[in-house]
Amino acid sequence: MRKRLLLAASAVLVSVVFTACGSGSPAPGDAAKPVIGAALLTQTHIFYQDMVAAMQQEAEAQGFQLRLQYAEFDSRRQHDQIETFIAQGVDALIVAPNDSSGMVPVIAEARAAGIPVFTADIAAHDADAVSHIASDNVQGGRILAEYLAKELGGKGKIAIVDHPIVASVQDRTRGFVEVIDQYPDLTIVQRVPSEGQRDKALRVTQDLLQAHPDLDAIFGINDDSALGALAAVEAAGLQDKIIIVGFDGTPEARDAIRQGKALKADTVQFPDKIGATTIQVIAKQLKGEEVPPIVPVEVALITQESLAAEQQ
Amino acid sequence: MLSPGAQSLRRGLLTYGPLLTALVVEIIAFELIGRRQGNPGFASFNIMMLVLNQSAIYGVMAVGMTFIIITGGIDLSVGSLVALCGVLSALAVKWGGDPVALWIVVGWGIALIAGTASGAIAGLFITRLAIPPFIVTLALMSSLRGLGNLMTDGKPVSPLPDAYAWLGRYQLGGTIPVTVLIFVVVLVVGIVLLHYTRFGRNVLAIGGNEEVARLSGIPIARVKLWVYMFGGFLTGIAGIMLASKLGSGSPKVGVADELAVIAAVVIGGTSLSGGRGSILGTFVGLIVVSVLNSGLTWIGVETFGQQVTLGLVILAAVLLDRLKELA
């Protein structure tokens, strides 16, 4: 028994070392390179994966060392990660805040330590960021609402599968609601929270369909929300009655739109452009050039037609 | 013959050998890897203070959890309660307005009362209705999380006046964070309470053998109720600290905190089957985990790798504990 325990204990300890060394610790870096610390929301969304890939590529091109950490939806973890970056004395910080208000004090701490902070994709309320680089989310919400208004003939009941804690989502829904409000016969009947996650979106949409059997359209604030809603709508057999619109243009969402499913349109963002632009803005700032406080990155609407045209 | 309190303290001391070794090895390893990456300075006073500061909130909760686990119980609701208490302390400030200082203190009071009340509810269900702690606190975990979300519509309570962040962010003399001071006070209170009072002896006796404790006239129901109320009170303190640190009362924080806190207690050598444990053990267990998390961030290991590593460390700690029992 004792032998077996000892063996197991050593096996576990060896795996600790292997995990620690194997999971992405950066190569012994060129100490002279400026270091950028990036505290991002999550590693699990494809959006962030694309953004990070572009960041890494651009950082390489600009001669920066990029260090990555992910909050995975935990504000305290992100707070602590940022504090560690501050203690390391990084040359610049990129933050995609897990919640738009909770990172304000620690961003102020970074600025007080003389570290310029840039927010990417998600803004921090009233925070002292040098520059915020993100998709034009308000515009993205507007173009979806205009699409729905056209498809529904200016009349119908709409629900939003929402994630109101995040500022960029607030912008999307603000743009969306702004346009919907211009149509007296379009009403938003309910906003349900999905936290931007598919399984949750599926569940809340099932409840939504029970509460509003006469629903005409659903706006999912990101593609995971829209795809979760799609699964619920298909399970209820309502795919010919309800139009879903989403946001992000992930490959899965594009496939669904291409195949003519109930998900009809998406606002696409260009996460790679956000990632690359963020590094370019930092490069400018580190050279001592002026950078604007907000750098909007373009968005576009995709539909079955536009995707078909793209392929030709 | 040593008193039961002193005995458990001594047993606690035996636990620290391997843990302290692990701690020193960790710190040296991160310093060396950091240097290789052109990034020295992990083994420094500032970083250790940072680690202590980052452990303080978990630590305050872990002291309460140690008592609960020693009685043979468990509290799964702390992660939800820490968020709810933070939300309450922030709401008081938001609704109260001027004078800010008064409403901040009122908010602290409300959070502490809510925390203690939640502990009392758990304790009453467990002792008067004989429902297993796992079930009672699982139910509370869900309800309290929902309550926090309901009260705030799922959004963080903000913006709050700058003074609100004092407790979470102020550093005495620019080096000692207030949160660390609170943590130290809670640790000392916990150690005295568990190892040097009749109450602590009763807690250890109940966890050791509830039937024997009953026969020797220990008021089991009352002791357990106090233990859960104490745990709730400490979670209230942690909630205030966390919301103040983040500068907003968010209903979403603290998810899976119960696991992190239980992990620290278990790594620190407290037995999940009750009757055995020490506050200092919990403290060292917590610091081992915190140094690991900060160090992995320091050398650039991403979050997923950190999660895997934490699980392996829990496993290793329990295996070592078993070995010690056999020795």
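**Exercise 1.** Find the bridge partner of Leu93(A) in β4(A), then place the two strands in their sheet.

*Solution.* Step 1. Leu93(A) has Val117(A) as its bridge partner in β4(A). Helices (H or I, at least four residues) and strands (E, at least two) are DSSP runs, numbered from the N terminus.

Step 2. Strand β3 (residues 92–95) of chain A and strand β4 (residues 117–120) of chain A run parallel and are joined by 3 bridges. Two strands pair if DSSP finds at least two bridges between them.

Step 3. The open sheet of chain A has 6 strands with parallel pairing, in the order β2-β1-β3-β4-β5-β11. Because β2 (65–70) and β11 (294–297) of chain A stand at the edges with a single partner strand each, one side of each has no neighbour in the sheet. From one strand to the next, the twist averages 15°.

Step 4. Helix α3 (residues 75–88) of chain A packs on this sheet and touches β1 (35–40), β2 and β3 of chain A. The direction of α3 makes about 175° with that of β1(A). Axes are lines fitted to C-alpha atoms, for helices over the stretch in contact, and angles run from 0 to 180 degrees between N-to-C directions.

**A note on the model.** This is a predicted model, in which local features need pLDDT of at least 70 and side-chain atom pairs count only at pLDDT 80 or more, while totals for chains, interfaces and linings use all residues. Residues are numbered from 1 along each chain as its sequence is written, and chains are lettered from A and ligands numbered from 1 in the order in which they are written.

**Exercise 2.** Describe how domain 1 and domain 2 of chain A meet.

*Solution.* Step 1. The domain assignment, which is automatic or from a database, gives domain 1 (31–133 + 272–295) and domain 2 (137–270 + 303–311) of chain A. Their centres, taken over C-alpha atoms, are 30 Å apart.

Step 2. In chain A, 11 residues of domain 1 are in contact with 7 residues of domain 2. Contact requires C-beta atoms, placed from the backbone, to lie within 7 Å.

Step 3. On the domain 1 side of chain A, the elements giving two or more residues are α2 (46–62) and α10 (271–286). Of these, α10(A) gives the most, with 3 residues.

**Exercise 3.** Classify the packing of helix α11 (residues 257–267) on helix α12 (residues 279–298) in chain B.

*Solution.* Step 1. The helices pack at an angle of about 120°, and their axes are 7 Å apart.

Step 2. This angle makes α11(B) oblique to α12(B). Angles under 35 degrees count as roughly parallel, over 145 as roughly antiparallel, 65 to 115 as roughly perpendicular and the rest as oblique.

Step 3. Ala263(B), Ala264(B), Val265(B) and Ile267(B) of α11(B) make the contact with Thr282(B), Gly285(B), Leu286(B), Val288(B) and Val289(B) of α12(B).

**Exercise 4.** Classify the packing of helix α8 (residues 198–208) of chain B on α10(B).

*Solution.* Step 1. Here the angle is about 105° and the axes are 10 Å apart. The two helices, α8(B) and α10(B), are therefore roughly perpendicular.

Step 2. From α8(B), Phe199(B), Asn202(B), Val203(B) and Ile206(B) meet Ile220(B), Val223(B), Lys224(B) and Val227(B) in α10(B).

**Exercise 5.** Describe the side of chain B that touches chain A.

*Solution.* Step 1. In this contact, 46 residues of chain B face 45 residues of chain A.

Step 2. The elements giving two or more residues to the chain B side are α2 (45–70), α10 (220–246), α12 and α13 (303–326) of chain B. The most come from α13(B), with 14 residues.

Notes:
Contact = placed C-beta atoms within 7 Å.
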